[in-house]
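Please look at the sequence and the structure together, and keep both in view as you read. The paragraphs below move from the whole chains to one sheet, then to a few single residues, and at last to the place where the chains meet.

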Amino acid sequence: MAFEIPNYFMADLGPEAEFTTQMVTEACLTLRRNGEHYLKTRDTAAIIRVLSLTAENWLEDDYPFRKIALGRGPLETGFAREVLQAGLDHFFGQLTGENLEDLLLQELGHLKRLDRPCAARCEAGANKESLATGPDLITHYAAGNVPVPAMMSMVLGLLVRSSQFVKCARGASFIPRLFAHSLYTTDAKLGSCLEIAEWKGGKEKHLEDVLHQHSECVTATGSDETLDAIRHRLPGRTRFLGYGHQVSFGYVTLEAMGGHQVKRLVRAAADDVIAWDQLGCLSPHVFYVENDGREQALRFAELLADELEKREKAVPRGEVSKRAAAEIASRRSMYEVRSAHMPDTVRHWCSEGNTDWTVVYENDPLFQLSCLNRFIYVKATPTLDDAFKGAEMVREHVSTVGLACAEDEKEELARRLARWGATRICPIGRMQKPPLTWRHDGRPLLGDLVRWTDWEL
Amino acid sequence: MENFGRIQEFGERLHARMARAGDEPLGDAEFDELALELFRRQAACMPTLERLAVRRGLNLSNRVPWQQLPAIPTRMFKELDLSCIPEHLRSTYFLSSGTTSEARSRHWHGDESMRLYERSLMTWFHRNHRVERHRFLSLTPDASAAPNSSLVHMFDRFRLSAGCGLDSFFGRIAGDGSWQVDFEGLFNVLKLETRPVFLVGTAFAFVHVLDEMKARGLVFELPAGSRLMETGGYKGRSRVLTKEELHGQMRIGFSVRLEDIVCEYGMSELSSQAYDVLSGGVREFRFPSWARVLLVSPETGREVGEGEVGILRVCDLANTFSVMAVQTEDLAIRTCGGFQLKGRLAEAEPRGCSLMAA
């Protein structure tokens, strides 16, 4: 008999289930009670054990939750099996005991910081020790597109011993729900400190108000408007961590285009477009390619189109909605006309007979928001400064810059990108593969969640 | 000028053909032939069209069905000069609706293209509507206040056809450029009018009027035979009602039958209009026989089957002097005799779209 997902979380009741304020109140009270009994009593090492063991299981081909995720995932999430597999394998591959310890050290300076008052070596001179404590209950508002941020929020919450209510966007609870079940299977007591539910954001204000009343901390991922709407409804004492939508782009220098590794570089760029079908905030909208009049950017675009075509069979894009397809079709026809009108400055390449992938080349460094789903712009730019000017309108919203350059250019470019506003710089090909310790939106991962207690000896 | 002469010649022929089209609509083969001929002539005036065809591997000296001829997205009217008319012969242009801060489509016209435009407009209008004895009333500003609105130009022609004066327009342009309705003036006329009324306006203007009537507790009993024509979407200018809701409120507010309400579908980028017909409780739009509709699948680019949603393309021969085939931003389904609108593409455009997509 096929393995069935058990009924445990609210999201298991299906998308049509209706909830009452009483149900949400009871869920919050249960979460707090369970947290008191099963989370606050454990040490960090025990939590890390459960997390890393669960992650190891997820990497096994016959793990039931993995099989469900990859089997039903394409229908539930819209991502092809291969895309889901690559994304989940990266996430769970990162979730090791060693990496979790590194994260704690990076964030809190000491592995035992959440267990007892302690001091890192650099603090010893002050003759004090410190203990960090997480909120009793965190509510997460998880955005729709990609499941990894919701799972990462759950990991961080568990590390600081917080019970968590994860409110997923409509139709987006499938993978987070499986992750919660897998934790529950590894350790039912720890799993009982999680609740997963889904409803359309803002539509069930009375339920959300209950969550806000019971939570010390609320995190949310979404558009600036969504974040503002949530922030304004919170009680004054509730801590709010909002992660607005971000955009990312790649930058390729002349040096990188001049080397023998161009094909490898283009393959890496395709990895970034293909991962999560370009829907995550770490996915590139644009690749800027330095151009000195020798058509480097045009060549990059051509090669990228070839590569996306080649890869489509092995790692197909998921099915898209009619509206998303119409947006792609509409942009394509616009660029078709533009390229007929200005053949020297605009070119475009697209998959035949479907909307699977599109590459648009423009000899103009003005940043363009892509309609995503593997629709990528390649923009020629004379220099990094020109790219900065072109991307000025998204400057406040830039997350990752994927960088391809020569070894001796790296540090200078990284410094300039950081000063300009990028919060993450990584090699092209790894844009959607951040390490576990990546600071989301340039903010601390645990530092914003915990409350410190300093004890002067 | 030689290329333009060939466009003029086509325009004259089409002008004459439209006059007969009421009794003898253009057939499939005739339309196919005319469309290809017109495309060839337009491509000779506009190298962009020529290059588009070449890039698609079309050999224009062969027979190419009209469905395969490249359509130009309406967005392109905002940035390209899509006209076969030499600059010194251009006398006016129509702009798409929108605010002054955003780019708007510009459709150039000269004397001859306007003559053809009006022939197309009035031939199809008279075929569908009998309003000669009506009191014409419009919720839009008049043509002097909105000289570049194809909608207002069209309504002005309807006014002339009904033999009414310039006091028929009750729209005013507010300081921010938006269109508002002079409720007082309109309601005074509606209260006293004894002739059947032909009341036209945008959907959002009707919503404003109906809201105001509700606030004042007004219901009008328009004389029998009155007709209401609404057109266009909302674009954030009022609360949004479904067609059924809007028509339901219009029916009650003005005491008319549902079949007395007609929708118009048109745009500044086209020279022909579609009107909807209510048959068996279902509304479907129909263009005249010199304009044809193709619904293409966003995913495959091929024509969709009946009942399937596709992007609406209009091949309008009356666009003789600009570009014949236009790809709109509307989604629609094909019905037995026409099409039904099923929403619009996201308002997002590459240069202005929100970060929501991220």
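This is a predicted model, and it is sensible to begin with the predictor's own confidence. Chain B has a mean pLDDT of 91, and 94% of its residues reach 70 or more. One stretch of chain B stands apart from this, since pLDDT stays under 50 over residues 347-358, for which the model has 20 contacts beyond four places in sequence. Where pLDDT is low, the predicted coordinates should not be read in detail. For the complex, the predictor gives an ipTM of 0.87 and a pTM of 0.90.

Turn now to chain A as a whole, in which the secondary structure comes to 16 helices and 14 strands. The radius of gyration of chain A is 23 Å, close to the 23 Å that the globule rule gives for 457 residues, and therefore chain A is as compact as a globular protein of that length. Taken along the principal axes, the box that the C-alpha atoms of chain A fill is roughly 65 × 60 × 45 Å. Of the 457 residues in chain A, buried ones make up 50%. If we take the contacts in chain A between residues at least 6 apart in sequence, 74% of them join residues at least 24 apart.

Chain B can be described in the same terms, with eight helices and 15 strands. Its radius of gyration is 21 Å, which agrees with the value near 21 Å that a compact globule of 358 residues would have. The C-alpha atoms of chain B fill a box of roughly 65 × 50 × 45 Å along the principal axes, and 45% of the 358 residues count as buried. Among the contacts in chain B with a separation of 6 or more, residues 24 or more positions apart account for 67%.

Within chain A, one sheet is worth following strand by strand. In which order do the five strands of this open sheet in chain A lie? The order is β4-β3-β2-β5-β6, and the pairing is parallel. At the edges are β4 (194-198) and β6 (239-244) of chain A, each of which pairs on one side only. From one strand to the next, the twist averages 15°. Looking inside the sheet, we find strand β2 (residues 137-142) of chain A joined by four bridges to strand β5 (residues 217-222) of chain A, and these two strands run parallel. As a single example of bridge partners, A:H140 is matched with A:T219 in β5(A). Helix α10 (residues 224-233) of chain A packs on this sheet, where it touches β2, β5 and β6 of chain A, and the direction of the helix makes about 160° with that of β5(A).

Some single residues of chain A also deserve a careful look, beginning with two that have a positive phi. A:Q278, which lies in the loop between α12 (262-274) and β8 (284-290) of chain A, has a positive phi of about 75° although it is not a glycine. Is A:Q278 buried or exposed? A:Q278 counts as buried because it has 25 C-beta neighbours inside 10 Å, and the cut-off for a buried residue is 20 or more. A:E295, found in the loop between β8 and α13 of chain A, is another residue other than glycine with a positive phi, here near 60°. With 15 C-beta neighbours inside 10 Å, A:E295 counts as partly exposed.

A further residue, A:A314, has its place in helix α13 (residues 296-314) of chain A. A:A314 is exposed, because 8 other C-beta atoms lie within 10 Å. Although A:A314 and A:V83 are 231 residues apart in sequence, they are 9.8 Å apart in space, C-alpha to C-alpha.

Finally, consider where the two chains meet: 26 residues of chain B are in contact with 27 residues of chain A. On the side of chain B that touches chain A, two or more residues come from each of the elements α3 (47-55), β1 (72-73), β13 (309-316) and β14 (325-334) of chain B. The largest share of that side, four residues, comes from α3(B). By type, the residues on the side of chain B that touches chain A divide into 17 nonpolar, four polar and five charged.

Methods:
Residues numbered from 1 in each chain as written. Chains lettered and ligands numbered in written order. Predicted model: local features only at pLDDT ≥ 70, side-chain atom pairs only at ≥ 80, totals over all residues. Buried ≥ 20, exposed ≤ 12 C-beta atoms within 10 Å, placed from the backbone. pLDDT = per-residue confidence, 0-100. Contact = placed C-beta atoms within 7 Å. Pairing = 2+ DSSP bridges. Axes fitted to C-alpha atoms, helices over the stretch in contact; angles between N-to-C directions. Nonpolar A, V, L, I, M, F, W, Y, C, P; charged D, E, K, R; others polar. Rg over C-alpha atoms; globule rule 2.2 N^0.38 Å.
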